[in-house]
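Please walk through this protein from its interior to its backbone details.

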Amino acid sequence: MKSLVIVESPTKAKTIKKFLPKSYVVDSSNGHIRDLPASAKEIPAKLKKEKWATLGINTEAGYEPLYVVSTAKKKVVKRLKDLIKDADELILATDEDREGEGISWHLQEVLSPKIPVKRMVFHEITKEAIQKALKDFRSIDMNLVDAQETRRIIDRLAGYTISPLLWKKIAPGLSAGRVQSVAVKLIVDRERERMRFRSGTYCDLKALLFPDSINGKGDTFPAEMTALNGKRLASGKDFDEQTGKLKKPDAVELLNLNDAEQLQKLLQDHSIWKVGSIDLKTQKRSPAPPFTTSTLQQEANRKFGYAAGDTMRIAQRLYEEGFITYMRTDSTFLSNQAIEAARTGVEQLYGSEYLSEKERRYATKSKGAQEAHEAIRPAGSRFVTPKDTGLSSREFKLYDMIWKRTVATQMAEAVIEFTNVNILASLSDKELTAFAKQNKESRFSSANELEATFRASGKKIVFPGYFRAYVEGSDDPEAQLDDQDKPLPVLKENQALGCKDLQALTHETKPPARFTEATLIKFLEKEGVGRPSTYASIISTIQDRKYAQKDGSALVPSFTAFAVTELLEAHFPEMVDTHFTSEMEHQLDEIARGNFDRTTYIKSYFEGEKGLKENVVRQESQIEPAKARRINLPLDGMENIEIFVGKFGPYTQLTKNGEVVSASLPEGLAPSDLTGDKVRSIIEVSEEGPESLGKDPDTGQEVYLLTGRYGPYVQLGEVTDDNKKPKRGSLLKGMKPEDVDLPLALRLLSLPRSLGNHPETGKEVKAGVGRYGPFVVHDGKFKSLGKDDHVLEVKLDRAVELLAQKAGEKRGGGSSVLKELGKHPDSGDPINVLTGRYGPYIKFGKKNISLPKNTEVDDFSLNDAVELISSKLK
C-alpha cells in the first residue's frame, strides 16, 4: 500500500522521511494552502459586490470565512493532488497544535481526497516517535480547528474594523489588533510612568574593611552604611516616584552629600570599627522548569539578545531537523522518557552526587495550556550532547541552552550559605566633642552620640548542584559559579576591624525600566493576553508598524503609539484592556475543548448594541481627527505647546504672541525625551531659518546646519526654484550638532568621497554612508566598513583590502551571493541570498524580497525562504 504523508515544511518532510518505510511518499504544503483574502484582487469576481467581501467573512451567514488559494499556492495544491492520484491513503502529519490542526483540515477540504484520510501527531521527530505515531492515528479534531478558525475570524474582524478608522482619524497605514493593541498600550503606559517619574537623591557611605585592625593584614571586604544612630538610612524604595520626595520623612535618615562627606571624614579618621551581629543562613535552590515557548523566548533574549521571532525560527529548524521536541507549548511537563534521558545524562556527565534524589516533575501553571503536551527539550530517549550535534552558530547556542536547562531539572539542589554581618562604627565622646567645636555648622555638632551601622554580605556555594549545568541569565555556568561565590572572611562578634577606605556616594532613584522583548513577553503571559506562540509576530508587527523602536534592548514607544493608544482608550477601552483580552483567550480555550459554540461567541463579539461593529459606527462620528492626532504627554514645561501626529510624522505647535508656529520633530526622538525647552529650541530653529557655518570655498555657497525629520544634517546652499534639492549630508553616528563646524560639514558633504582608482581595474573606489551604515564601493560592488574603520578617514589600500574579501559569486547590478539555499520545492528554481543596497534579499524569479529585519544570513534556511516567498506572493 502506498501512503502519502503531508507536513508543513520541506525541512520537516526531509527529516520525517528518514524514519518511514519506502512505500511512504512525503511532501510539504509550505504552511497554510489557503487563507482569508489578503487583498481585493483575491476576492472571487462573483463575490466582490457583497457588503462583507472586503472582510473576507460572511457576516450574513453564520460568519463563514471566505478562503482563497493564493497564486503561489496553486502549484502546491496541483502537486499534492497529483500525488494523491497514486496513493492509497493520505496521512496528515502537521503540527499537533491548533494551527497545525487547521492546516490539516484545510488540506483535507481543498484536496478532497477519495482515499482514507488519517491524522498523525507527534511532538518530536525521532524514529521512535514516528513509529509510535504510525500505530496511533486519529481523525481531525474539529474543536481545535474551530478554536483556530475563531481566533483568525476575531482577529480579522477587529483589525479590519478598527484599522480603517485609525486611517481616517490619525494617519494612513496604521493598524489595530486584538493582542497587538494591548501590547502597545503596555509599552505606552510604562513610558507614561517614566514621564511622571521624579528623581530623588540620597547619599550613603561605602567602606572597605579588613579583619585585623592592628597590622592591616587579612582579606578586605566591602560594607555599606544602613543606619545612623539606630535609624535606617533612606534608600530608593523610600521615595515617591511622582514627587521625588520621601514617602515617610520621619521614618528614615536622609543624608545629603555634605552630611555624607562629614561622616566620611569623622568615621575614617576617628571611629572604632567592630563586628556587631552575624546572621548565617543556608538556602537550597531548585532548578527552573524546562522551557515553554514563552520562557524560551525570554531566556534567549536575556542571554543572547535574540528577538522573539529569531528564537522561534531557530527553534523551528531544530524541531524539524529532529533535535528538539515541538517548540510551541505552554506545558512544563516532561515525559518519563525525557526524565530518564536527563537523569542518565546527569550521571554520565556530572556523577551520581549531582543527581536529584527523586525524579523532579513540574506542574503546568498556565491556565490555558493547550498547545503541545510536553515542554521544549532535546528529542529522543537519549539526549545528544551539544558538542555531538554538529550544529553551529545560533542553532548550537539555542540547543545548548535547551539541553542544559532540561538536564538541570534532574540535578540536585544547589546549597548556598548566606552571611549578613552588621558592623558598628562609633566615635568616643572625646572625639565627638572635638569635632563639634571645630564644625559648629554641622548637623552632627549637637549630637550626643554617633554610631553608624554598616552591612556586609557574603555568599558561599556549599554545593553547586544544578548550577554546574545551568544558571538563568548566564551563558557560562562555570564562570557564573565563580561570580556567585563571594564569601566573607571568618569574623566573630565584637571583633575589631580596620577601615582601608571609606567613600561618600550619591544615588539617584531610577524611573521604571522600559519593557524589553523578554519582560513584555513575561508580562503578557502573566496576564493571559494572547498565546506565547503568537508573541514573536506581535512584537515584530509593533516594530514594523513604527509603534515602537529599540534603544538597545528596550522598546521605546513612538508618538504614533501614544496617539493610537489614546484614541482606543477613549473610544474602545476593551480593545486595550488586559482582562477583557485575557477573557477572550479563555473563551477560545473553551471552544477548543468543545464547551462553547464558536458562532455564538463571534456573534456576541461583533454584533449587538455592545458589539464591535455598532460601537465603531457610534464612535466614528464622535472622533474629531484634529483631537485624535493631538497627543497628551504628562510632561512639565509644555505650556502653550501641543504635539501632533500627522501624515509625515510627529510635529509640534507653539502659540506665540497669538500666532501658532509649527515644526517637525526629528525621527527617533522618544516622547519621554521631550521637554518644553527642547520643543522651543526646535521651533526657534524653524523660525529663524538655517544656521550658516560659513561658505564653501569651491562654490561660495553657504553651508547650513539643519534639523529635519530624520535628525540633524548639513546642507550646501538654500532651497530655491533653481535648486530644489541641494546637496545634503547626515551627521554620522555619535556626532552632536554642537560639534559640527565648517571643515567637518564640508567633509560630510564630500560623501561619497573618491579614494582613488582601483589598482587592478583602474575604476574609481568611493567611500560613503548608506541605509545600513558606512561602505566602500567599486564597480557596483559594495562592502561595509569594519567597526574600526571611519568613512571620513578610510584610505584606498584599506578599501581594496575590504573589497577583496570573499563575498560569493559576482552578480549583475552590483549584487553578490551571500548564501546558496537550494531549489524551491515547487518550481525547482534556485534561491540565493544576495547583497543589496538596502540589505540582504532573496531573488525568486523576477521578484526581489528583502529579508526580515535583524535576520542573520547564516541562520536563514531554505525553509525560511520558502515561507517568506509564500507570504509575499499571496
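The paragraphs below take up the nonpolar cores, one pair of helices, and a few backbone features.

The model is predicted, and the description starts with its interior. In soluble globular proteins, nonpolar side chains tend to be buried together. Here the largest nonpolar core has 136 residues. Within this core, the members that touch the most others are I170, I324, I643 and L674. Helix α5, which spans residues 142-169, gives the core its largest share, nine residues. A second core of 31 residues lies apart from the largest one. A207, L228, L450 and F454 are among the residues of that second core.

I643 can serve as an example of the surroundings of one core residue. Which residues does I643 contact, once its neighbours within four places in sequence are set aside? Its partners are F559, R629, R630, I631, L633, M638, Y651, T652, L665, L674 and V679. One of these, L674, is itself listed with I643 among the core members that touch the most others.

Next comes a pair of helices. Helix α2 (residues 71-85) packs against helix α3 (residues 98-111), and the two axes are 11 Å apart. The angle between α2 and α3 is about 75°. Angles from 65 to 115 degrees count as roughly perpendicular, so α2 is roughly perpendicular to α3. On the α2 side, the contact is made by V77, L80, K81 and I84. L107, V110 and L111 make the contact from the α3 side. By class, the residues of this contact are six nonpolar and one charged, with no polar residue. Lysine counts as charged, so K81 is the charged member of the contact.

The loop after α3 holds a backbone feature. S112 lies in the loop between α3 and β6 (117-119). Although S112 is not a glycine, its phi is positive, near 45°. Is S112 buried, partly exposed or exposed? With a relative accessibility of 41%, S112 is partly exposed.

Y63 also has a positive phi, near 60°, and is likewise a residue other than glycine. This tyrosine sits in the loop that runs between β3 (57-58) and β4 (64-65). The cut-off for a buried residue is a relative accessible area under 20%, and Y63 has 3%, so Y63 counts as buried.

The last feature concerns a peptide bond. The bond from L751 to P752 is cis, and its omega is near -5°. P752 belongs to the loop between α22 (742-749) and β24 (753-757).

Note on methods. Residues numbered from 1 in each chain as written. Predicted model: local features only at pLDDT ≥ 70, side-chain atom pairs only at ≥ 80, totals over all residues. Heavy atoms only, no water. Core = buried A, V, L, I, M, F, W, Y, C linked by side-chain atoms within 4.5 Å. Buried < 20%, exposed > 50% of the residue type's maximum accessible area, 1.4 Å probe, protein only. Helix = DSSP H or I, 4+ residues; strand = E, 2+ residues; numbered from the N terminus. Contact = heavy atoms within 4.5 Å. Axes fitted to C-alpha atoms, helices over the stretch in contact; angles between N-to-C directions. Parallel < 35°, antiparallel > 145°, perpendicular 65-115°, else oblique.
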